[in-house]
Amino acid sequence: MTIIAPSLLSAAPGRLTEEIQAIEAAGADWLHLDIMDGHFTPNLTFGPWIVELAKKETKLPLDVHLMVTDPLAQAKIFAQAGADFISVHVEATPHLHLVLDTIQRAGARPGVALNPLTPLDFLEPSLDFLDLIVIMGVNPGWAGQAFIPRTVKRVAQVSHLLATQKKDRSIFLEVDGGVSDQTAPALIQAGASVLVSGSYVFKSRDYGQAIAGLRQ
Ligand code: DX5
Ligand code: ZN
């Protein structure tokens, strides 16, 4: 079954504790945390405190998406804060192997995120060193942006790559950005195993219904 990871970026900022509890009760599988540093993305969001808070409030795996220019400096800090998965952008580092290795040594599961036009060739050599691939459906920076349709084809290509590689463990294929009841079916069909959703879930009146709707 598809894993649904609501993004806390779209939760009510004054009620984060309640929102985390509500989304867990509504059937979310993971909690997605968008870390932006005001450099890699113009927008600036949370620091490691949000991961510490979430760790206290929920048993859901914490899926930390680092949108920062120096993931090598940040990876260990977020792992120590309680991240279960930490994804870094390939566009942000010339030292991808070192960053993924650092995340793993710090006790979290490493992931790689790709912007909408970043070539998929980066992935093949990285497969031995990651547990999660994040294909962006929008340009990183904000929730609520329009989904970029060519993402579906990219997901199918990555899914094919994963299917043709014999691995001793499974690698999650996540789509982040623009996921809604309109875009989810094609993404699942293309092979996505994890869907991140910010505005679609948190702007809905019934979180449980929205999460269930994405899975169908
Ligand atoms: C975008 C973030 C996404 C965002 C998704 O930079 O990485 O996780 O919160 O929001 P929606 O689902 O509204 O596109
Ligand atoms: Zn994200």
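## Phe-85 and its aromatic neighbours

At 4% relative accessibility, Phe-85 counts as buried, since the cut-off for that label is under 20%. Please keep in mind that the model you are looking at is a predicted one. Trp-30 is buried as well, with a relative accessible area of 6%.

How many aromatic pairs are there? The count comes to five. In one of them, the ring centres of Trp-30 and Phe-85 are 4.5 Å apart with the planes at 25°, so this pair is stacked. Trp-30 sits in the loop between helix H1 (16-25) and E2, while Phe-85 belongs to strand E4 (residues 85-89), so the two rings tie together parts that are 55 residues apart in sequence. Trp-30 and Phe-85 also join Phe-172 in one aromatic cluster.

## An edge-to-face pair

Phe-202 and Tyr-207 make an aromatic pair too, and here the arrangement is edge-to-face: the centres are 5.3 Å apart and the angle between the planes is 75°. Phe-202 is buried at 7% relative accessible area, and Tyr-207 is buried at 14%.

## The zinc site

Now for the metal. Which residues supply the protein donors of the zinc ion (ligand 2)? They are His-32 through NE2, Asp-34 through OD, His-65 through ND1 and Asp-176 through OD, at 2.0 to 2.3 Å from the ion. Along the sequence, the donor residues of the zinc ion (ligand 2) follow the spacing H-x1-D-x30-H-x110-D. His-32 lies in strand E2 (residues 31-36) and Asp-176 in strand E7 (residues 172-176), so this pair links parts that are 144 residues apart in sequence.

The site of the zinc ion (ligand 2) has six donor atoms and is octahedral, with angles of 69 to 170° among them. For reference, the ideal angles for six octahedral donors are 90 or 180 degrees. Of the donor residues, His-32 is buried with a relative accessible area of 1%, and Asp-176 counts as buried at 7%.

## Around ligand 1

Asp-176 turns up again beside ligand 1. There are 20 residues around this ligand, and those that come nearest are Gly-141, Gly-144, Asp-176, Gly-198 and Ser-199.

Several polar contacts are worth a look in your viewer. A polar side-chain atom of Asp-176 is 2.6 Å from an oxygen atom of ligand 1. The side chain of Ser-7 places an N or O atom 3.2 Å from an oxygen atom of the ligand, and for Gly-198 a backbone N or O atom lies 2.8 Å from a ligand oxygen. On its own, ligand 1 has 380 Å² of accessible area, and the protein covers 100% of that.

Notes:
Residues numbered from 1 in each chain as written. Chains lettered and ligands numbered in written order. Predicted model: local features only at pLDDT ≥ 70, side-chain atom pairs only at ≥ 80, totals over all residues. Heavy atoms only, no water. Donors = N, O, S within 2.8 Å, 3.2 Å for Na, K, Ca; no water. Tetrahedral: all angles 85-135°; square planar, octahedral: opposite > 155°, others 65-115°. Helix = DSSP H or I, 4+ residues; strand = E, 2+ residues; numbered from the N terminus. Buried < 20%, exposed > 50% of the residue type's maximum accessible area, 1.4 Å probe, protein only. Phe/Tyr/Trp six-rings, centres within 6.5 Å; stacked < 30°, edge-to-face > 60°. Near = heavy atom within 4 Å. Polar contact = N/O pair within 3.5 Å; in protein donor to acceptor, adjacent residues only side chain to side chain. Areas by Shrake-Rupley, 256 points an atom, 1.4 Å probe, with all protein chains shown as cover.
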